[in-house]
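Hi,

Here is the structure I promised to pass on. Have a look at it first, and then read my notes below.

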Amino acid sequence: MRRVHAWAGQALFAVMATATSAAHAAGGEAGLPQLKIGTWPSQLFWLVVIFAIGYIFMARVVTPRIGSVLEERRTRLDEDLARAREASTEAAQTRADYEASLDQARNEAAEFARNAAVEAQAKGDAAEKKAAKKMATKIGKAEAALAEARAEAENNLTDIAAEAAIDAATQIAGVKVTKAQADKVVKAAAKSMAVQEAV
């Protein structure tokens, strides 16, 4: 653009110098010809011609080129802005996708933790139930063994008491008592003692 303006200025100066030289040569008089009124019409004529040529040159050559350059720059700027908007939209979409993925990962981790807690609780309950069942079985067996031992001890005690009663009756009172009679008496006495203990 500066080159065009410089070239136009140089051309205008050369034309004016040529016109001035021609006018001076035609007059053949000393002094500045541009100050002579007689040369003004020709000067005005050439001035109008030069400006017309310059205007036409600017309008037909320079201005369209400047307009095309400006239009090209405007188009390039619009394209750059469009690409920038597209990149911004893609960045926003990428960020939204990243946040969605992050939320999904958090939800999956929370769900996994809940499932693990539920599974651990179920395993703990099953183990506790199994241990309680095993303990109840052992307690039942122990109670059965204890009851059996107690019954056996009571039977042995009854037999011992009956034998002691037989011996006592024979040695002290001189009465002969049978084993059945002694067992009956001992059982009656044990029953009476049990009732008294219960009361």
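Let's start with one residue: aspartate 159 counts as partly exposed, because its relative accessibility is 32% (buried means under 20% relative accessible area, exposed over 50%, and partly exposed in between, with a 1.4 Å probe and protein chains only). Its side chain meets that of lysine 179 in a salt bridge, 3.9 Å from N to O (a salt bridge being a side-chain nitrogen of Lys or Arg within 4 Å of a carboxyl oxygen of Asp or Glu). This pair links distant parts of the chain, with lysine 179 in helix H3 and aspartate 159 in helix H2, 20 residues apart. Salt bridges with shared partners join Asp159, Lys179 and Asp183 into one network.

Before going on, a word on the model. It is a predicted one, where local features need pLDDT of at least 70 and side-chain atom pairs count only at pLDDT 80 or more, while totals for chains, interfaces and linings use all residues. Residues are numbered from 1 along each chain as its sequence is written, and side-chain values use heavy atoms, leaving out hydrogens and water.

Back to Asp183: aspartate 183 lies in helix H3 (residues 179–198) and counts as buried, because its relative accessibility is 17%. Leaving aside neighbours within four places in sequence, aspartate 183 is in contact with Thr158 and Ala162 (contact means heavy atoms within 4.5 Å). Those two are also among the buried residues of H2.

Now the overall picture. The protein chain has 3 helices and 0 strands (DSSP runs numbered from the N terminus: helices are H or I with at least four residues, strands are E with at least two). Of its 199 residues, 6% count as buried.

How far apart are the end C-alpha atoms of H2? They are 188 Å apart, which agrees with the 200 Å that its 134 residues should span at 1.5 Å a residue (the expected span is 1.5 Å times one less than the number of residues). H2 also has a kink of about 40 degrees, centred on methionine 58 (the bend at a residue is the angle between axes fitted to the seven residues ending there and the seven starting there).

Another pair sits within H2: aspartate 80 and arginine 83 form a salt bridge at 2.3 Å, N to O. They are separated by about one helical turn, because they are 3 residues apart in helix H2.

Cheers
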